[in-house]
Amino acid sequence: MTERSMQEPTLLLLTALADAPRHGYALIQEIAAISDGRVKMRTGTLYGALDRLLGQGLIEVAAEEVVDGRARRTYALTAAGRGALATEAERLRAVATEAERRLSVAVVSPRVRGAFA
């Protein structure tokens with residue numbers, strides 16, 4: 001059975017956790033940096049996704065502490081999360097390689113060329 005491709009919020013969250021554990025606000029900042037500001041994850045979306053990823057065993061709570069009277073959880077990738085991210089990165093790499101290959105050999109007919117001019 002072929003697995004579905006990963007949705008972008010999941011891909012960005014797992015990528016943000018790939019090099020270091022992070023808490024929620026740091027994840028929002030890291031996702032914005034990874035996406036070059038294109039994705040601004042809202043708090044509700046973030047915590048819904050984190051709960052889902054916890055349930056799937058792709059991330060875990062690495063630490064819990066109280067900061068300024070508020071609980072702060074720090075999240076980390078699990079081995080399963082690291083594997084899922086590596087699989088998705090390879091899938092994306094294969095698609096990008098094929099797209100580049102096709103673009104490099106594409107011959108645009110004169111009739112179509114005028115549409116792009």
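1. Let's start with strand β3, which contributes more than any other element to the lining of the second largest pocket: five residues come from this strand. Please keep in mind throughout that this is a predicted model. The pocket itself has a volume of about 290 Å³. Two elements each give two or more residues to its lining, namely α2 (24-34) and β3 (70-77).

2. Which residues line the second largest pocket? If you would like to select them in your viewer, they are His23, Gly24, Tyr25, Tyr47, Val67, Asp68, Arg70, Ala71, Arg72, Arg73 and Tyr75. Sorted by class, this lining holds five nonpolar, two polar and four charged residues. Among the charged ones are Asp68 and Arg70.

3. Glu88 is worth a look as well. This residue sits in helix α4, which covers residues 79-105. Is Glu88 buried or exposed? Its relative accessibility is 5%, and the cut-off for buried is under 20%, so Glu88 counts as buried.

4. What does the side chain of Glu88 pair with? There is a polar contact between the side chains of Glu88 and Arg91, at 2.7 Å. Leaving aside residues up to four places away in sequence, Glu88 touches Ser5, Met6 and Leu11.

5. Ala79 belongs to helix α4 too, but its surroundings read quite differently on accessibility: Ala79 has a relative accessible area of 68% and is therefore exposed, as the threshold for that class is over 50%. Where does Ala79 lie with respect to Ile59? Their C-alpha atoms are separated by 8.5 Å, with the two positions 20 residues apart along the chain numbering.

6. Now for the overall layout, in case you want to place these details. The protein chain has five helices and three strands. Read from the N terminus, the order of elements is α-β-α-α-β-β-α-α.

7. A few totals round off the picture. Of the 117 residues in the protein chain, 26% are buried, and Glu88 is one of the buried residues. The accessible surface of the chain comes to about 8200 Å², and carbon and sulfur atoms account for 54% of that area. As for contacts between residues at least 6 apart in sequence, 45% join residues at least 24 apart.

Notes:
Residues numbered from 1 in each chain as written. Predicted model: local features only at pLDDT ≥ 70, side-chain atom pairs only at ≥ 80, totals over all residues. Heavy atoms only, no water. Helix = DSSP H or I, 4+ residues; strand = E, 2+ residues; numbered from the N terminus. Buried < 20%, exposed > 50% of the residue type's maximum accessible area, 1.4 Å probe, protein only. Contact = heavy atoms within 4.5 Å. Areas by Shrake-Rupley, 256 points an atom, 1.4 Å probe, with all protein chains shown as cover. Polar contact = N/O pair within 3.5 Å; in protein donor to acceptor, adjacent residues only side chain to side chain. 1 Å grid on protein atoms, 1.4 Å probe; cavity = no way out; pocket = protein on both sides within 12 Å on 5 of 7 lines; lining within 4 Å. Points joined across faces, edges and corners; volume = space filled by probe spheres on them.
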